[in-house]
Structures are given as structure tokens and as C-alpha cells.
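Welcome! Open your viewer, switch to a cartoon view, and keep the selection box handy. We will go from stop to stop, picking out a few residues each time.

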Amino acid sequence: MNYQQIDTTTANSFLPMVSVVVPIYNGEADLSDLIKCLTSQTYPRERVEYLLVDNNSSDRTYTQIEEFVANSPITIRPLNENQIQSSYAARNAGIRAAVGDIVVFTDADCRPQPQWLTALIKPFVNTEIVIVVGEILALPGKNLLEKHADRQDTLSQKHTLAHKFYPYGQTANLAIRRSVFHQSGLFRPYLNSGGDADICWRILQSNIGRLEFAPEAIIQHRHRVTLKELASQWRRYGRSNRYLHELYGVDLMRDISLKEVGYRLARWLIKELPQNSAKAIAGKADLVDLLSTPISLFSARARTEGQRNAKLPEEAKTIEWLE
């Protein structure tokens, strides 16, 4: 991974055609805010298309996309992926239809800031760069779980970029040269987690080019607000660990046992909680500090369950190719 100075004059005149691919499943509630963010992009509108791929939604998602097409000042192309229920299959449909030199990925529940595309595309002026990863920040939240996740930088790309096998970017904020898909293949369409690491690692292992981080290319994403959503998120992280272990032999995350959870909760009750309570009284801590340990243990336990119970389906090993 590189953090390289870019010649400003050259970068400002570098305006490749860009295709933004957004897989959407039952995204009716998110579409209006998403379109507002896409319409506010500073990247020249005539140089970007937005491919919104409905993945067999049961709500009005596709109808709503068509309505936006008729009234939007930006180029929106509605697509369908109804054969495979998978965000990666939907992204493949977008890649195949894309006319841009650069394919950008985000999600329906993401909120790109106005400079997002401009900052994300700029590093591609260097022809050796084939993957650019933008940053993911949290949308403002008042919920305890949201505040805890924000404190932990749960969504930040700094975690995936620091992976000891290879760095990678989450598909909530990722850009790839379309030409490399001919050599690396597309996403594994039947994979339900870990596909972002897989596509980046296949590209990097092929020595096609380098990955660059663009910290000013920012999208915002909402944290989970219920324990059910939080558990689902961390079980998915656990499944991803298992799948990538089976595909690449990377180390599994350390399991956290019920015995360890019990020990750490006892330590929290006896030591940490009294200490942090005193700090809270003095105005030096808040509820997030008081409950950080049990929330973290809850998440870790969910990740352990996801990793332990997952097994990579045989069909998920399939790679689709760009013809």
C-alpha cells in the first residue's frame, strides 16, 4: 500500500469516465438520501454514470430507481440481478454493464460526501495504481451502540488496510480499474461475506498493480443501533474470517470462550466499572466508557460464533469472468 504525492496540475486534468455500482436489496428507505449525495458530487456529471442494481427486492426499490431516472440531473442506469441473491452478483452485473475506465463501489445505506468521487479517482492518474480505497466514517448517532462503535472506529478502512496478509478495502468505498477484471476475474457471486478482501487479494496477488489509500474520499455509514443488528454484523465478520481462511489459508481470529467472557465480565464489575464510575462522576467518562467492555465482549462472542459455525459452500468458490 502506498501514500504517494500526486502532481496537482496533472491530477486536476485527469477525468476518466467513471461507473459507480450500487447493489440494492430492499433499499427503498435509503434511495432518496443516496441520490441526493450522488447528485452533490463535485466530479463532472458528464464523466460519471451511476448503475443502481436491484437484487430482487420485494419493496418498491426498482420502481423508485426508475422514477429517479426520469427526474435526476445525473446519469442513472437501473439494472437487475434476479438470478442470484447476493450483493456480489449484483456488483458483477454492474461491472459488466459499466462503460467507465474506473468502477467504483458503494452501498445504498452509504452517504458519500461531495468530494468523494473527486478524491477517490485522483490517485488513478498514476497508471501503476489499480485499486483505490476511500475512508468510511460514521453518520452522527445518539444511540449507545452507535457511540461505542464510533469510539472504536469500527467501520474505518484502517482495519482492513492493516490486514497482515494483504491490505484490502471494503466495497462500501472502493474503486478498481475495470481493465483488471479481465485478468483477476469478477466477484465470487455466491459468496455472502469476504468478497471485498477476495477481489482485492486476487488483484494484488496477480501483480497487476498497486493499492492506494485516499483518506479524503469519505463516505458516511450508519452504525448498528440494536443488539440484534450488532450480533448479525459481527457474526458476518466471523463468517468472513472462516471463508478467507479456507480460500487463502489466513489465520483465523482467536475464539473467545464463554469462560473468558465470564472472567472479563467479573473483572469489569469488580475493577473497571468502579473506576470508570468515579471518572464519570468527575466528568471524565460517560456511559460509553462504563459499558465498553460488555459491548466489546458481546461483539467478540458473536464473531466467534460466526467463525465457528461457518463453512465455505462449494459454489462460493466459483469466480465469474468478464468476457
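Which residue is the bridge partner of tyrosine 50 in β3? Select tyrosine 50 and isoleucine 76 together, and you have the pair: isoleucine 76 is that partner in β3. Before we go on, please keep in mind that this is a predicted model.

**Stop 1: strand β2 and its neighbours**

Now widen the selection to residues 48-54, which form strand β2. This strand is mostly covered, with seven of its seven residues buried. Show the side chains and look along the strand: Val48, Tyr50, Leu52 and Asp54 point one way, while Glu49, Leu51 and Val53 point the other way.

Add residues 18-24 to bring in strand β1, which pairs with β2 in the parallel sense over seven bridges. Tyrosine 50 has a partner here too, as valine 20 stands opposite this β2 residue. Next, add residues 75-80, strand β3, which is joined to β2 in the parallel sense by six bridges.

How do the chain's helices fit in? Select residues 28-39 to see helix α2, which makes a right-handed β-α-β unit with β1 and β2. Then select residues 61-71, helix α3: together with β2 and β3, this helix makes a right-handed β-α-β unit.

While you are here, pick asparagine 56, in the loop between β2 and α3. Its phi is positive, about 65 degrees, although asparagine 56 is not a glycine. With a relative accessibility of 39%, asparagine 56 counts as partly exposed.

**Stop 2: helix α4**

Select residues 87-97 for helix α4. Why is α4 described as largely enclosed by the rest of the structure? The reason is that eight of its eleven residues are buried. Colour them to see where they sit: Tyr88, Ala89, Ala90, Arg91, Asn92, Ala93, Gly94 and Ile95. The elements covering these buried residues include β1, β2 and β3 from the previous stop, along with β4, α8 (181-184) and α9 (195-205).

Then zoom in on the N-terminal end of α4, where serine 86 acts as a cap. A side-chain oxygen of serine 86 lies 3.1 Å from the backbone nitrogen of tyrosine 88.

**Stop 3: strand β7 between two partners**

Move to residues 174-177, strand β7. Leu174 and Ile176 point one way from this strand, Ala175 and Arg177 point the other way, and all are buried.

Add strand β4, residues 102-105, which runs antiparallel to β7 and is joined to it by four bridges. To find one of these pairings, select valine 103 and its bridge partner in β7, isoleucine 176. Strand β6, residues 129-138, also pairs with β7 in the antiparallel sense, over three bridges. Here, try valine 133, whose bridge partner in β7 is leucine 174.

**Stop 4: helix α9 and the loop after it**

Select aspartate 198, which is found in helix α9. Is aspartate 198 buried or exposed? Its relative accessible area is 1%, so aspartate 198 is buried. Leaving aside neighbours within four places in sequence, aspartate 198 is in contact with Arg188, Leu244, Leu247 and Tyr248, so show those side chains as well.

For the last selection, choose asparagine 207, in the loop between α9 and β8 (210-221). Asparagine 207 is exposed, with a relative accessible area of 68%. Its phi is near 55 degrees, a positive value in a residue other than glycine.

Definitions and conventions
Residues are numbered from 1 along each chain as its sequence is written. This is a predicted model: local features need pLDDT of at least 70, side-chain atom pairs count only at pLDDT 80 or more; totals for chains, interfaces and linings use all residues. Side-chain values use heavy atoms; hydrogens and water are left out. Buried means under 20% relative accessible area, exposed over 50%, partly exposed in between (1.4 Å probe, protein chains only). Helices (H or I, at least four residues) and strands (E, at least two) are DSSP runs, numbered from the N terminus. Two strands pair if DSSP finds at least two bridges between them. A crossover is right-handed if, with the strands pointing away from the viewer, the path from the first strand over the helix to the second runs clockwise. Contact means heavy atoms within 4.5 Å. A polar contact is a pair of N or O atoms within 3.5 Å; within protein, one must be able to donate a hydrogen and the other to accept it, and residues adjacent in sequence count only if both atoms are side-chain atoms.
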